[in-house]
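I opened a fresh page for this one and went through it site by site. Notes are in the order I looked things up.

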Amino acid sequence: MIEYINKNRTRFIDELLAFLRIPSISARSEHKTDVQNAAEFVKAKLLEAGADLAEICPTAGHPIVYGEKIVNPSLPTVLVYGHYDVQPVDPLHLWDSPPFEPVIKDEKIYARGACDDKGQVYMHVKALEVMLKNNALACNVKFMIEGEEEVGSSNLATFIQQNKTRLKADIILVSDTGIIANDTPSIDVGLRGLSYVEVEVTGADHDLHSGVYGGAVGNPINVLCEMIASMKDSNKHITIPHFYDDVVIFTEEERAELNKAPFSLDDYKKYLDIDDVEGEAGYTTLERTGIRPTLDVNGIWGGYTGEGAKTVLPSKAYAKISMRLVPNQSHEKITELFQKHFESIAPKSVRVQVRPHHGGNPALTPTDSVGYKAASLAMEATFGKKPIPTRGGGSIPIVALFEQELGLKTVLMGFGLDSDAIHSPNEHYGLFNYFKGIETIPLFFKYFAELSK
Ligand code: BES
Ligand code: MN
Ligand code: MN
């Protein structure tokens with residue numbers, strides 16, 4: 001198989017570049033056709049790779065691409081999940097090259113979606129081709145590649161409920177996470193959940209002269225900042241009542257185990273160009289992103305932000321706030337707690353409104369399952385090192401839903417790096433990682449079939 005991969009190396013890269021040229025930003029309505037085109041691309045490439053069937057399934061939002069290759073119904077079935085939609089590109093001026101004109105520099109492909117998740121999805125498409133061309137597909141495989149992951153997968157739950165029989169499988173395989181380093185493979189065994197809300201603070205019913213009224217009338221931006229600041233205490237502990245009620249507390253042994261993963265705080269700070277980190281007192285950086293919940297403002301606006309100065313007390317201020325959740329927090333419950341708390345701390349000088357966006361529950365994937373073992377053996381074979389189980393700080397809300405709706409566990413066999421700048425300007429994906437994935441996925445199928453016997 002390796003020979004086949006090497007022989008087709010240039011084509012495998014060129015095809016991914018073509019995929020990356022499609023600006024499939026799911027959050028932007030002006031890109032609706034591009035999102036559709038990306039779905040068409042995935043469908044066509046699955047068929048080219050040798051799938052028996054590939055189709056575009058419309059939803060109330062962006063379509064889902066479903067495909068399958070059934071080798072033999074008596075073999076185990078792997079359901080591959082990924083997403084072909086990407087995040088918006090702004091701030092555009094910070095990109096060294098246009099986000100949808102991929103370039104290869106220092107053995108890395110630079111483009112929006114290069115790593116998250118087009119590059120990783122395409123590894124699976126090429127792995128299918130490699131396995132079929134070499135008569136080596138050891139399992140049945142189904143593909144469910146969606147176009148709304150970056151906006152909350154809001155139509156995927158319905159799709160799953162309506163296609164339960166079709167989606168029947170033994171394991172879900174997802175490449176949408178990362179490894180510690182190219183010489184330190186790892187497998188995420190946990191993902192954080194997410195509660196995302198937008199808040200609006202209103203003062204007077206129109207903007208006011210900041211001299212005539214300043215100091216005497218509530219300024220929504222000042223008030224919003226005070227409210228946000230009050231939601232964490234001096235230990236960076238979230239102050240929303242009952243926020244931590246359902247948080248699973250790690251034992252000292254579990255914490256020690258988690259902190260064994262290779263991590264250099266100095267390198268971390270250097271990479272981020274910061275003099276110090278910040279977070280909940282009493283926890284390490286790995287714990288803060290892996291097993292502790294958090295609350296962050298993702299965007300804040302209001303008032304005058306144009307050129308020069310304008311003296312004004314704005315009528316309104318807004319913020320988008322995300323809370324990352326850990327087992328066993330529920331995103332519905334947290335959103336409700338947030339809403340109640342936010343309303344209760346608002347001073348009488350303003351009116352507030354909380355608008356919940358999407359959310360998702362945290363997920364855990366076991367290390368003693370056949371799926372995890374197969375992924376571990378496959379990575380050990382291609383990296384020459386046994387992967388370390390890690391906790392991922394990001395969210396893929398659908399993982400908890402797969403378990404709930406299909407009773408299926410997920411294996412998160414991702415190949416990205418934290419330094420790939422996903423969601424940021426200059427997102428990139430290493431050719432090393434792309435080909436490591438294409439090489440490792442067939443071995444996952446092989447070991448999964450063997451261990452399932
Ligand atoms: N692939 C990421 C999630 C991720 C990245 C998990 C790195 C672990 C390590 C995914 O595309 C993503 O960005 N998810 C969103 C959640 C969604 C509901 C918008 C996130 O985590 O912000
Ligand atoms: Mn992703
Ligand atoms: Mn993402």
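**Ligand 1, the shell.** I began with the classes of residue around ligand 1: five nonpolar, six polar and five charged. That is a shell of 16 residues, and the closest are Glu149, Asp176, Arg324, Ser395 and His423. Note to self: this is a predicted model, so everything here is computed from predicted coordinates.

**Ligand 1, polar contacts.** Next I pulled the N/O pairs. Asp176 has a side-chain N or O atom 2.8 Å from a nitrogen atom of ligand 1. His423 puts a polar side-chain atom 2.8 Å from an oxygen atom of the ligand, and for Glu150 the distance from a polar side-chain atom to a ligand oxygen is 3.2 Å. I also checked how covered the ligand is: on its own ligand 1 has 520 Å² of accessible area, and the protein covers 88% of that.

**Manganese, ligand 3.** Two of those contact residues turned up again when I listed the metal donors. Which protein atoms coordinate the manganese ion (ligand 3)? I got Asp116 (OD), Glu150 (OE) twice, and His423 (NE2), at 2.1 to 2.6 Å from the ion. The donor spacing in sequence reads D-x33-E-x272-H.

Then the geometry. The site has six donor atoms, and the angles among them run from 55 to 154°. I wondered why this site comes out as irregular. Six donors count as octahedral only if opposite ones are over 155 degrees apart and all others fall between 65 and 115; the angles here go from 55 to 154°, so the site is labelled irregular.

**The second manganese.** I looked for a neighbouring metal and found the manganese ion (ligand 2) 3.6 Å from the manganese ion (ligand 3), with Asp116 coordinating both. The pair Asp116 and His423 links distant parts of the chain, 307 residues apart. Asp116 is in the loop between strand S5 (108-110) and helix H4 (118-133), while His423 is in the loop between strand S17 (410-412) and strand S18 (428-430).

Are these two buried or exposed? Asp116 has 7% relative accessibility, so I filed this residue as buried. His423 comes out at 40% and therefore counts as partly exposed.

**Backbone oddities.** I scanned omega and phi next. Most peptide bonds are trans, and most residues other than glycine have a negative phi, so I only wrote down the exceptions I came across.

- Asp90 to Pro91 is a cis peptide bond, with omega near 5°. Pro91 sits in the loop between strand S3 (77-83) and strand S4 (103-105).
- Pro327 and Asn328 are also joined by a cis bond, with omega about 0°. Asn328 belongs to the loop between strand S13 (316-325) and helix H10 (331-345).
- His242 has a positive phi, near 70°. I placed His242 in the loop between helix H6 (220-230) and helix H7 (252-258), and at 53% relative accessibility this histidine counts as exposed.
- Asp273 has a positive phi too, near 60°. Asp273 is in the loop between helix H8 (265-272) and helix H9 (285-290); with 70% relative accessibility, this aspartate counts as exposed.

**Ser24, last lookup.** Where does Ser24 sit? I found Ser24 in the loop between helix H2 (9-20) and helix H3 (32-49). Relative accessibility is 0%, so Ser24 counts as buried. What does the side chain of Ser24 reach? The backbone oxygen of Tyr84, at 2.9 Å.

Definitions and conventions
Residues are numbered from 1 along each chain as its sequence is written. Chains are lettered from A and ligands numbered from 1 in the order in which they are written. This is a predicted model: local features need pLDDT of at least 70, side-chain atom pairs count only at pLDDT 80 or more; totals for chains, interfaces and linings use all residues. Side-chain values use heavy atoms; hydrogens and water are left out. Donors are N, O and S atoms within 2.8 Å of the metal (3.2 Å for Na, K and Ca); water is not among the atoms, so sites may look incomplete. Four donors count as tetrahedral if all angles lie between 85 and 135 degrees; four count as square planar and six as octahedral if opposite donors are over 155 degrees apart and all others between 65 and 115; anything else is irregular. Helices (H or I, at least four residues) and strands (E, at least two) are DSSP runs, numbered from the N terminus. Buried means under 20% relative accessible area, exposed over 50%, partly exposed in between (1.4 Å probe, protein chains only). A residue is near a molecule or strand if one of its heavy atoms lies within 4 Å of it. A polar contact is a pair of N or O atoms within 3.5 Å; within protein, one must be able to donate a hydrogen and the other to accept it, and residues adjacent in sequence count only if both atoms are side-chain atoms. Accessible areas come from the Shrake-Rupley method with a 1.4 Å probe; for residues, only the protein chains shown count as cover. Ala, Val, Leu, Ile, Met, Phe, Trp, Tyr, Cys and Pro count as nonpolar, Asp, Glu, Lys and Arg as charged, and the others, Gly among them, as polar.
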